Amino acid sequence: MNELKLGDVTVTRVEEMHGPIMPAGQFFPDLPTLAWQDNRAVLVPDHLGEQDDMVHVAMQTWLLRSEGKVVLIDTGVGNDKSRPAVDAWDHLQSNYLDNLASAGVSPEEVDLVINTHLHVDHVGWNTRLVGGAWVPTFPNAAYLMPKADFEFWNPANNSGIAGGVNENVFTDSVAPVHEAGQVQLWEGGHTIDANLRLEEASGHTPGSSVVLLDSAGDRALFAGDLLHTPLQIMHPDHNSCFCEDPVRARSTRRRLLGWAADTNALVLPAHFSGHGALEVASRGDAFEIKNWAPFTRY
């Protein structure tokens, strides 16, 4: 099952790819080895390798149907793009658009694209290569992008992008959509409709955000990169190596996990493999996994 109903909103999981990505010690440099060992029963095989210490993640989109609109939250890595820092993503060829079609949506039917932040693996399918040029994949959609990230990841403002994982990303996956007049920059919060709202969640990047769902008694937190592994639920003070502001990332994670626990909200991170989403509960000064969502594992 790749679809569930939350209030008046239908949520569908659309996969681009999944599997091992980085060694745990490299991905989470300050997370103790003992923590991984103590939680292997929870992590293996969906989130940690059985025979090694490779962290497993998914690249995926949350497809929402709300108030008659088709909404995509994050767009993965994308095809044909030069990604010299990550061999597995360099000139990738995936079946993402076929998977989107299997969910009943063509690119022309998408009304809104939400990039929770502008990292390489959240904006890739914003564009596709047509006749040697990068063009918006979703020609009829508005693209919501956080203003703080739009400014931070623009190479004109940030010389440190060259040689990193976000090299080329602004040029091939952000700027073409902006030049097409389809980008709406936001800051401070943004109401999408009666069911959905964008909220700032900075720390991982300056403009990182989450989507909050509140509909007919159901609540959900589309958490972007608030989490990369379930271990951060039990150990919320530990960040990935990609967090730009570690102190703020920790406080943001605690705040939003606390909200999810208090409101019984379903938490849907961008990158969880396995069942993909879960409910959390408070436990002492941290959190624990209460239930996994009924999505089919991958």
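Which helices and strands are included in what covers the buried residues of helix 7? The legends below take up this question after an overview of the predicted model.

**Figure 1. Overview of the predicted protein, with its nine helices and 16 strands.** Helices (H or I, at least four residues) and strands (E, at least two) are DSSP runs numbered from the N terminus, and residues are numbered from 1 along each chain as its sequence is written. Because this is a predicted model, local features need pLDDT of at least 70 and side-chain atom pairs count only at pLDDT 80 or more, while totals for chains, interfaces and linings use all residues; side-chain values use heavy atoms, with hydrogens and water left out. The mean pLDDT (the predictor's confidence in each residue, from 0 to 100) is 97, and 100% of the residues reach 70 or more. Confidence is lowest in helix 2 (residues 33–38), at a mean of 96, and highest in strand 4 (residues 69–73), at 99. The C-alpha trace spans about 50 × 45 × 35 Å along its principal axes, and buried residues (under 20% relative accessible area, 1.4 Å probe, protein chains only; exposed is over 50%, partly exposed in between) make up 56% of the 298 residues.

**Figure 2. Close-up of helix 7 (residues 169–179), which is largely enclosed by the rest of the structure because eight of its eleven residues are buried.** The buried positions are Val169, Phe170, Asp172, Ser173, Val174, Ala175, Pro176 and Val177. What covers them includes helix 5 (120–123) and helix 6 (147–152), together with strand 6 (127–130), strand 7 (133–136), strand 8 (142–146) and strand 9 (183–186). Helix 7 is followed by Gly181, whose phi is positive, near 80°.

**Figure 3. Close-up of Thr75, in the loop between strand 4 and helix 4 (96–102).** Thr75 has 0% relative accessibility and therefore counts as buried. Leaving aside residues up to four places away in sequence, Thr75 touches Thr61, Tyr96, Val113, Asn115, His122, Val123, Gly124, Trp125, Asn126 and Phe138, where a contact means heavy atoms within 4.5 Å. Of these partners, Asn126 is 51 residues from Thr75 in sequence, yet the two are 6.3 Å apart in space, C-alpha to C-alpha. For the protein as a whole, 68% of contacts between residues at least 6 apart in sequence join residues at least 24 apart.
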